[in-house]
Each structure stands twice: as C-alpha cells, then as structure tokens.
Amino acid sequence: MSETLARSGLRVRTPAVYGWAAAALVLVALPFYLDRFWLQAGLFAMAAALGALGINLLTGATGQLSMGHAFFLAVGAYGYCLFAGDGTDGLAGLGLPGWLAAVLAVALAGLAGGVFSPIAGRLRGAYLGIATLALIFIGQHVLFNAHDLTGGYNGRAVPPLSLFGLTFDDTELLVAQVPFGAVEKLWYLGLALLLGGFLFARGVLRGRPGRAMNAIRDHRIAAGVMGIPVARYRAAVFVLSSMYAGLAGVLLALVFQRTVPEYFGMALSLEYLAMIVIGGLGSVAGAVAGGVFVSLLPQLLTRYSDALPLVSAPGTGGIAPGEASRYLYGAAVVAVVLFLPGGLARLAVRKPKSPTTQSPTPTITEPSGETR
Amino acid sequence: MTDDAPLPGPPDPADPSGTSGPADPNGASPQADPTDSVIGPVTGPDVPALVVEDLTVRFAGLTALDGIGFTVRPGTVHALIGPNGAGKSTCFNVLSGVYRATAGSVRLGAHELTALPPHRIADLGVGRIFQNLALPPRATVEDSLMLGRHRLTRTGFLAAGLRLPSAAREEARHRARVREIAAFVGLEKQLAQPAGSLPYGQQKLAELARALCMEPKLLLLDEPVAGMTADERRRTASVIAGVRDGLGISVLLVEHDMGLVMRLADSVTVLDFGRRIADGTPGDVQNDPAVVRAYLGEETAA
C-alpha cells in the first residue's frame, strides 16, 4: 500500500508528498516543544477527530442521522474503566491489562451498536436520528444511577494504559532531555490511532462499501435495485460508527484521566454533528478538520479569554469561553451551510477545475422522490 | 474472460435501423485479459423467460394493475406501452421488488419474484434503469458504473478498510470490465467526469451502462430515451438492439417513443387503466382497434 501511495504520489503530486512529510514531522516533534495544555488540547482534538470519522461514515456517507454518538463514546470510555479497573476504588473492575481493556471497550461499543442495529437498519435518515435520541437518555440515566459500574455523579478514575511495557501515566520518562509525562506519551498513541482510523475510513469510503453507502444516501430505492442489501448495510455502518465512537471514548478517557457522566450528554452528540457539517459531510479529511476545529475552539478561547473582547474568564460575568465557542461554531455551521456547502474539505479541493459541477450537497433527509 | 459474455462491437450511431449486430467482438475489449476469469455470470445461453400472470396491485382503493399478464421470451425486446397512468411504472416497481403485488405472480425461470426484496431480485440478474435519473451527481461515471458491479464483488468493510491485496485485485479486474462496458455504450471518454456534469442524454446512457455492469439476464428499461436528442436516441436504440442481439439479454421496455418501440420491439403489451388491452407483435398491436381507441379516443366522439 505504501508502495502504491509513494508511486502515485511521486508521479503526480510531489509537493503534496513533501507537505505531508513536513506536517508529520511537525506533529511528531510537537511534544518536545509544547507544554501540557497544548498537548492535551491536541489530544482532545485527535479523539474528537476519531469520533467524527465514525459519525461521518454513518451520517455523512450513508445519510443516516445519529443523535446517539455520545452514548457510544460513553460506552467506550466507561467500558475501558470497567475492563481495566482493578476494583480497589470500590467500583466494578475486571483488572485486565490496559491494551486488552481498550480493545474490548471498542468491541463493546460495537456490540452496543449491534444491539441497536435492527432499529438502525430499518429506519432511515431523520427517523433514525429521533430513535437514537433515546440512547442519550438511557445512557445518562445509567451513567448517573448505576453507581457500582460508573461511579455515579462523580464518575470514576481511569486506569492508565500500558502497552509493550510502557505505561501511559505521569511517571516521567526522559526523552532527549525532555520529561515525558502522560500527555506526551499519549500524543504518539493518539497520532497512531488517528492515522489508522483515517486510513481505514478512507479505504472503506473509496472501496465497494463506500460506493454502496453513498448509493443508499443518494438513491435508496435505486440502491436496493442495484443489488445492495440496504438494511444490512445501514446496520453494518452503524456498528462501525459505534466502534469509532468507542475508540474515541477510550482515548478521551485516557486523556481526561476521569470519566464524568454529564460530559456524555446530548450537547456532545450535537457537537459531533457540528464537526461533520463544518468539516464536510461524507469526507474523511473533512471529519478530521471539523473535529479539530470544534474541539480546539473552546480551548483556544479559554486560553486567550483575557485578550479577547466580550469573552471573560468563567464566573466573572461576561460570556464564558465555552459559551462563546458554542456561539462561534453555531455561526460556523450556518456559514458553512450557506456559503460552503461541502464544508472545509471542499475548501481544500476547490482550486483546481471547479466549474464542472453544480455540487448538490448530500443531505440527511431523503432526497429520493419515490415513496411506497 | 471465459465467464464474461463478449460484448458486441460498439454500436454505430449512424445506423438508423438500430440493429448493429456483433460486428467486431475484439474491438470493444482491448483490456480483455485471458487470465481474468471470474467477473460475472454467463449471460446469453441461460437467460430465463419472465412470466407475469394475473398481476394485481391495489393502493388503498385504487387498482393500479388489474390482473395483467405477459411473457418476455428469452433474448427478446418486449415493449410495455400505454397512455400515462396505465400502470407501466407500477408494473416495473413490482418486477424489481420495490412494490408488493396484491395478487398474481411474476416468475423469472424457476424463481418467484413477488416475495423477494429488491436486492435479491437484482441477485437473480434483473437490472433496471429508472425513469428519473438515479445517478449520484458527484461520483465519477466510472465509480457509478462500479456500483453496478456490487452484486458481482465481495469486498467487505474490513478488506476495503485495510486495503487488502484481494480487494485491490478485485477492484482492478472490475474496473477493466467497467471500461469495456463504457466503451460499448460510447462513454469511454466520460469515465473520469462527475456524472452530474454530463448532458442529460449521456447521464441516461450512463445509467443504462450501470445496469449493464450488473451483467443482467433481464433489463428493465423505464423510458430510456426520454429527454434525449435524436442522435442520442439512435445511439441508445442501437445499444439496446446490441444488448439483445449480441448478449442475448431479454429487455422489457417502457417507452413513449412509438417509432423506437415499433422498430426495436419483438412483441408489445398495451396497458390502459391497469388492464391489458392488447398483446402481440408490433404490427398487430398497431392496428388493434382497442389500442387506437386508448390512444386517440372513441371514433364516435369525434
């Protein structure tokens, strides 16, 4: 695969290859220069991008709206705590090695998606969105009340991950005179996971499954007539999307080092939808761009709240940074829908030969004219 | 290429009779690779007959189809005509599994189609084009045609996501076949363009090519030349004739262009208000008083 990548890259887009190499180098070097705050913000962005990749497969590429993405993030995060916890804090824990717990947590999120998939296969578009709302309420209820499992309101501490003898906690490790704590080590894990998730999603979308998914989104009835088992595909994409959410949940938990139930509410689901709309529905690069944008914005505003007009530190009377960022990406969603259908991803590919299409954007609602 | 029916030569748009036969089997398949063995099922020799019997469809109180019946003999073009609202599209939707029949049966060879969902009917080798375009506008023509290969390919989420060599091989093999079929309908130059950027007539042609990419045994064509220029009509007519004569595929055709129907069809069924009012060769049907009445109204009223 890398061979073909390099070959096609060298022949057609040498500057692009250099650009990617430079970006990769910068990303790898960052932990040596940035402080903890920025690394943590970057890790949140990576986790958000992973989750956005998942929901973009479902909502962007297949046209199936999901409001329940936060639920599957919670399953991943709490699942990891459950599998990796050793039970010393009085909460349920199986004491499995960290890496195994992470894999099982992702599988658990997939399983949860699978349990819901008979519904996900039968409902289309916005109807699925309404059905998945239920997941949020069920999830919140369980998270707050299943005390032995989730720690209730206060949440539970996240056991550190260990991989190949390396533990991702704050025991300092000196690399080239730079002390590496949890965030520095997790940075590389996050990069690897995001790269893997990105390439996998791109492979899916460019291959046979992706064509079928887009056909279901664009012309559901024609898709069936072309031989695509529509319900089975919807269900499968739902499971895959849930697994991406689970992986994002595990990474978030590791970065937060504590999982709290109120984080996994409806607002989080809406944030993920905002990410893919801003980034570009159905685009892999767009999901990453949108995830980074939406998750970095509040952090940037918090950091520079004293320097910005109208925004003030939380609790001092002005607009809190979190609130301000919500206004901003709300405005960004509106601006994208009005002026940049196709999202940030479209911006990148706009320069060459654009006048070919009237580019209708994929919509969540059913465009097909035929009804039963 | 042993499993693939060889495509007849590219249809000649200048041929007004619309019956360019298999002139040059090699001309259309430059990419044909003798080691490429398993792409599609054998079409041609084992094309089954489509038998529709006593087909009735009711929506609430409305009877859209009232006990109609006809047979599409293997390797023929059978036209289904009638005034607007006669039930032609309803009939198509039942044949491809989109609507459920209220009563009656549709058999393709040994298979009863009325109980099957659309994708299972497609698996039996029934391809269809829609009256309104159903092409994703932003995908390239080549990718749109690859969608037609869906039922003939196996690559799943894992293989595609991990880019396994088996997935890449399958993809390359089927893209070669897609290029052949595109050349057959005359779209080889448009393969890299987004389907939505093509003129309407070429989009309809691309949809026909996509249906052909399913390697069907029976093609359901819902107004394939509607909205086309005279030139595109001729080209499409010769493609349809080439499909029948070169590949031996049965074609069920709904079309309002009577010239085309009379030229192409081997037999014709006429519907009016959900009932069959005539069935026979184009010549018979043309002079049938019931058909003339349905199209032109009662003579006494004039």
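I began with strand β3 (residues 77-81) of chain B, which runs parallel to strand β8 (residues 250-254) of chain B and is joined to it by 4 bridges. I kept in mind that this is a predicted model.

Next I looked for a residue pair in that ladder, and I found B:A79 opposite B:L253 in β8(B).

Then I asked myself: which helices pack on the sheet? I noted helix α6 (residues 200-213) of chain B, touching β6 and β7 (218-222) of chain B. The direction of α6 makes about 170° with that of β6(B). I also noted helix α7 (residues 230-247) of chain B, which touches β3, β7 and β8 of chain B. Its direction makes about 150° with that of β8(B).

I stepped back to the whole sheet. In chain B I read the strand order as β6-β7-β8-β3-β9-β10, an open sheet of 6 strands with mixed pairing. At the edges I marked β6 (126-129) and β10 (275-280) of chain B, since each pairs on one side only. I also jotted down the turn between neighbouring strands of this sheet: 15° on average, direction ignored.

My last stop was a hairpin. Strand β1 (residues 50-59) and strand β2 (residues 62-72), both of chain B, pair in the antiparallel sense, and I listed 7 bridges for them. Here B:V57 stands opposite B:L65 in β2(B). How many residues lie between β1(B) and β2(B) in the hairpin? I found 2. I gave B:A60 in the turn a note of its own, for its positive phi of about 50°.

Note on methods
Residues are numbered from 1 along each chain as its sequence is written. Chains are lettered from A and ligands numbered from 1 in the order in which they are written. This is a predicted model: local features need pLDDT of at least 70, side-chain atom pairs count only at pLDDT 80 or more; totals for chains, interfaces and linings use all residues. Two strands pair if DSSP finds at least two bridges between them. Axes are lines fitted to C-alpha atoms, for helices over the stretch in contact, and angles run from 0 to 180 degrees between N-to-C directions. Two residues are in contact if their C-beta atoms, placed from the backbone, lie within 7 Å.
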